[in-house]
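Here's a walk through one structure, starting at a single residue and working outwards. Keep the 3D view open as you read.

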Amino acid sequence: MDAPEPDQTPFAAVSAQTSRLGRIYQSYLDKSTPYTAYRWIGTGVLLFVFFVRIVLAQGWYIVCYSLGIYLLNLFLAFLQPKIDPSLTQDEGLEDGDAGSSLPTKKDEEFRPFIRRLPEFKFWHSATRAIAISFFCTWFSIFNVPVFWPVLVVYFLILFSLTMRRQIQHMIKYRYVPFSFGKARYNQRSGH
């Protein structure tokens with residue numbers, strides 16, 4: 001006799017549950033989108049708790065260093081324009097089309113600054129990385145013995161060289177990734 005087949009296979013049941021949890025998670029992310037300051041305060045608190053954990057546990061310096069390198073990489077992507085002016089300028093010379101570069105003169109058309117990594121994705125990736133790093137500090141397999149002052153000095157050197165290069169790039173191609181200090185025009189008068 002043939003037994004009746006179950007309505008759902010175990011794989012389909014697990015897939016349905018993960019899909020449902022993914023939708024719930026995404027709905028919470030969508031609801032948090034307009035609260036930029038609160039999101040970053042929460043991330044700062046999580047980072048502070050992570051640092052307290054590192055200091056009190058006296059270990060997991062590799063995890064902390066890896067997190068620092070990852071956050072630096074995210075920050076650099078946040079500062080860079082979506083279309084790199086140095087690459088488009090080189091391509092424009094070859095193709096004869098320099099129209100996709102950032103404006104450098106007053107009479108050129110205004111093009112808004114579009115980030116390579118938007119603020120929300122920057123926040124989400126940073127918060128997720130801090131949470132994963134905090135989770136890793138509870139397992140001794142990630143506690144690799146290292147001389148932590150060397151990691152701190154190396155990170156500071158890497159940070160200063162990378163930021164210097166990024167600031168020089170911003171000055172050379174005349175873009176500012178932040179909105180403070182830019183002229184704001186009144187909507188009524190048009191100025």
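His124 is in contact with Tyr25 and Leu29, once you set aside its neighbours within four places in sequence. This histidine has its place in helix α5. With a relative accessibility of 15%, His124 counts as buried, because the cut-off for that label is under 20%. Bear in mind as you look around that this is a predicted model.

Right next along the sequence in α5 comes another residue to look at. Ser125 is found in helix α5 too, and at 12% relative accessibility it counts as buried. Which residues does Ser125 touch, not counting those up to four places away in sequence? They are Tyr70 and Leu74.

Those two partners bring us to a helix pair. Tyr70 and Leu74 belong to the α3 side of the contact between α3 and α5, and Ser125 belongs to the α5 side. Besides those two, α3 brings Val63, Leu67, Leu71, Phe75 and Phe78. From α5, the residues they meet also include Glu119, Phe122, Ala126, Ala129, Ile130, Ser133 and Cys136. Sorted by class, the residues of this contact come out as 12 nonpolar, 2 polar and 1 charged.

How do the two helices lie? Helix α3 covers residues 61-79 and helix α5 covers residues 119-136, and they pack at about 175 degrees with their axes 10 Å apart. Angles over 145 degrees count as roughly antiparallel, and α3 and α5 are therefore roughly antiparallel to each other.

Helix α3 also has a contact with α6. Here the axes come within 11 Å and cross at roughly 5 degrees. Since angles under 35 degrees count as roughly parallel, that is the label for α3 and α6. On the α3 side you'll find Tyr61, Ile62, Tyr65, Gly68, Ile69, Leu72, Phe75, Leu76 and Leu79. The α6 side is made up of Trp148, Leu151, Tyr154, Phe155, Leu158, Phe159, Thr162, Met163 and Gln166. By class, this contact has 15 nonpolar, 3 polar and no charged residues. Phe75 is worth a click: it takes part in the contact of α3 with α5 and also in the contact of α3 with α6.

Now for some empty space. The second largest pocket holds about 410 Å³. Of the 16 residues lining it, the closest to its centre are Phe51, Ile54, Cys64, Tyr65 and Val152. Which elements give two or more residues to this lining? They are α2 (36-57), α3 and α6 (148-172). The largest share comes from α3, with 6 residues. The lining has 14 nonpolar, 2 polar and no charged residues. Tyr65, one of the residues closest to the pocket centre, is also part of the contact of α3 with α6.

Next, the loops. Gln58 sits in the loop between α2 and α3, and so does Trp60. Both are non-glycine residues with a positive phi: near 55 degrees for Gln58 and about 60 degrees for Trp60. Is Gln58 buried or exposed? Gln58 is exposed, at 54% relative accessible area, whereas Trp60 counts as buried at 10%.

Thr33 lies in the loop between α1 (10-32) and α2. Leaving out residues up to four places away in sequence, Thr33 touches Arg39 and Phe120. The second of those is 87 residues away along the chain, yet the C-alpha atoms of Thr33 and Phe120 are separated by 7.2 Å.

Here are the accessibility values side by side.

| Residue | Place | Relative accessible area | Label |
|---|---|---|---|
| His124 | helix α5 | 15% | buried |
| Ser125 | helix α5 | 12% | buried |
| Gln58 | loop between α2 and α3 | 54% | exposed |
| Trp60 | loop between α2 and α3 | 10% | buried |
| Thr33 | loop between α1 and α2 | 35% | partly exposed |

Finally, zoom out. The protein has 6 helices and 0 strands, and reading along the sequence gives the pattern α-α-α-α-α-α. Of its 191 residues, 26% are buried. Take the contacts between residues at least 6 apart in sequence: 79% of them join residues at least 24 apart.

Definitions and conventions
Residues numbered from 1 in each chain as written. Predicted model: local features only at pLDDT ≥ 70, side-chain atom pairs only at ≥ 80, totals over all residues. Heavy atoms only, no water. Axes fitted to C-alpha atoms, helices over the stretch in contact; angles between N-to-C directions. Helix = DSSP H or I, 4+ residues; strand = E, 2+ residues; numbered from the N terminus. Parallel < 35°, antiparallel > 145°, perpendicular 65-115°, else oblique. Contact = heavy atoms within 4.5 Å. Nonpolar A, V, L, I, M, F, W, Y, C, P; charged D, E, K, R; others polar. 1 Å grid on protein atoms, 1.4 Å probe; cavity = no way out; pocket = protein on both sides within 12 Å on 5 of 7 lines; lining within 4 Å. Points joined across faces, edges and corners; volume = space filled by probe spheres on them. Buried < 20%, exposed > 50% of the residue type's maximum accessible area, 1.4 Å probe, protein only.
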